[in-house]
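Colleague: I should like to learn how the features of a model such as this one are to be read. Could we take them one at a time, with the general idea before the particular case?

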Amino acid sequence: MYFLAKLIYLAIALFIFFTSIITNVDDKHYAINNKLYLFIYFFILQFIFEVISTIMSNQPIDINSIIQTCISSSLLAVIAFDVYNDLIYNGYFLNYSENQKYAILILLILGFITIIQVLQIILTT
């Protein structure tokens with residue numbers, strides 16, 4: 001349940017981010033700035049969520065573990081954003097609306113994070 005709530009929270013936050021802060025997702029000139037903004041925003045989102053979930057589960061807060069999780073998730077978000085940009089530059093999604101493009105981008109980001117976290121769970125148990 002925690003994992004699903006986290007994905008929903010991230011999807012809503014990312015949609016708000018892409019519709020309000022980064023309005024030029026498809027522009028090649030702002031690609032590096034967009035990746036930097038996405039990394040910082042996603043890091044802050046993950047950090048807040050991890051701290052709140054740690055407090056709610058009555059566990060001691062391990063800052064090193066939280067920061068490591070936030071950095072890895074933020075890097076995965078940037079990699080997914082780069083994959084999306086490669087698809088855009090190659091002519092995919094030409095007939096899609098902006099909201100459909102945002103939905104595809106959000107699904108790519110959440111898909112990358114989900115796959116890596118599931119692999120981490122499988123490999124550590």
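Colleague: Which residues are in contact with Lys-35, leaving aside its neighbours within four places in sequence?

Modeller: In this predicted model, Lys-35 is in contact with Val-78, Phe-81, Asp-82 and Asn-85 when neighbours within four places in sequence are left aside. Lys-35 itself has its place in helix α2. A distance between C-alpha atoms adds to the picture: Lys-35 and Ile-79 are 44 residues apart along the chain, and their C-alpha atoms are separated by 8.9 Å.

Colleague: With which residue does Lys-35 form a salt bridge?

Modeller: The general idea comes first. Side chains of opposite charge can pair when their charged atoms come close. In the present case the partner of Lys-35 is Asp-82, with 3.0 Å between the closest N and O atoms. This pair links distant parts of the chain, since Lys-35 belongs to helix α2 and Asp-82 to helix α3, 47 residues apart.

Colleague: Are Lys-35 and Asp-82 buried, partly exposed or exposed?

Modeller: Lys-35 has a relative accessibility of 23% and therefore counts as partly exposed. Asp-82 is also partly exposed, because its relative accessible area is 30%. The cut-off that matters here is 20%, under which a residue is called buried.

Colleague: How many salt bridges does a search of the whole structure find?

Modeller: The search finds two. Besides the pair already described, the side chains of Glu-50 and Lys-6 meet in a salt bridge, at 3.3 Å from N to O. Glu-50 lies in helix α2 and Lys-6 in helix α1, so this pair ties together parts that are 44 residues apart in sequence. Glu-50 counts as buried because its relative accessibility is 11%. Lys-6, at 4%, counts as buried as well.

Colleague: What does Tyr-2 touch, not counting residues up to four places away in sequence?

Modeller: Tyr-2 touches Phe-49, Glu-50 and Ser-53 on that count, and Glu-50 is the residue just met in the salt bridge with Lys-6. Tyr-2 lies in helix α1 and is partly exposed, with a relative accessible area of 41%. A separation in sequence can also be set beside one in space: Tyr-2 and Ile-122 are 120 residues apart in sequence and 17 Å apart from C-alpha to C-alpha.

Colleague: Let us turn to the interior. Which members of the largest nonpolar core touch the most other members?

Modeller: This core has 25 residues, and those touching the most other members are Phe-18, Val-25, Leu-38 and Ile-109. The elements that give two or more residues to the core are α1 (2–20), α2 (31–56), α3 (63–89) and α4 (98–124). The largest share, seven residues, comes from α4. Val-25 may serve as an example: not counting residues up to four places away in sequence, Val-25 touches Phe-18, Asn-34, Phe-81, Tyr-84, Asn-85, Tyr-102 and Leu-105.

Colleague: Is Lys-101 buried or exposed?

Modeller: Lys-101 is buried, with a relative accessible area of 11%. This lysine is found in helix α4. Not counting residues up to four places away in sequence, Lys-101 touches Asp-26, Tyr-84, Ile-88, Phe-93 and Tyr-96.

Colleague: Which residues form a nonpolar patch on the surface?

Modeller: The patch is formed by Leu-36, Ile-40, Ile-44, Ile-48, Ile-52 and Met-56, with about 580 Å² of accessible area together. Met-56 has its place in helix α2 and counts as exposed because its relative accessibility is 67%.

Colleague: How should backbone phi values be read?

Modeller: Most residues other than glycine have a negative phi. Asn-58 is not a glycine, yet has a positive phi of about 55°. Asn-58 has its place in the loop between α2 and α3 and is exposed, with a relative accessible area of 73%. Phe-93, likewise not a glycine, has a positive phi of about 65°. Phe-93 lies in the loop between α3 and α4, but counts as buried at 15% relative accessibility.

Colleague: Where in the protein chain is confidence lowest, and where is it highest?

Modeller: Where pLDDT is low, the predicted coordinates should not be read in detail. Here the mean pLDDT of the protein chain is 88, and 99% of its residues reach 70 or more. Confidence is lowest in α1, at a mean of 86, and highest in α3, at 91.

Methods:
Residues numbered from 1 in each chain as written. Predicted model: local features only at pLDDT ≥ 70, side-chain atom pairs only at ≥ 80, totals over all residues. Heavy atoms only, no water. Core = buried A, V, L, I, M, F, W, Y, C linked by side-chain atoms within 4.5 Å. Buried < 20%, exposed > 50% of the residue type's maximum accessible area, 1.4 Å probe, protein only. Helix = DSSP H or I, 4+ residues; strand = E, 2+ residues; numbered from the N terminus. Contact = heavy atoms within 4.5 Å. Salt bridge = Lys/Arg side-chain N within 4 Å of Asp/Glu carboxyl O. Patch = residues over 30% accessible without salt bridge, like charges linked within 9 Å, V, L, I, M, F, W, Y side chains within 5 Å. Areas by Shrake-Rupley, 256 points an atom, 1.4 Å probe, with all protein chains shown as cover. pLDDT = per-residue confidence, 0-100.
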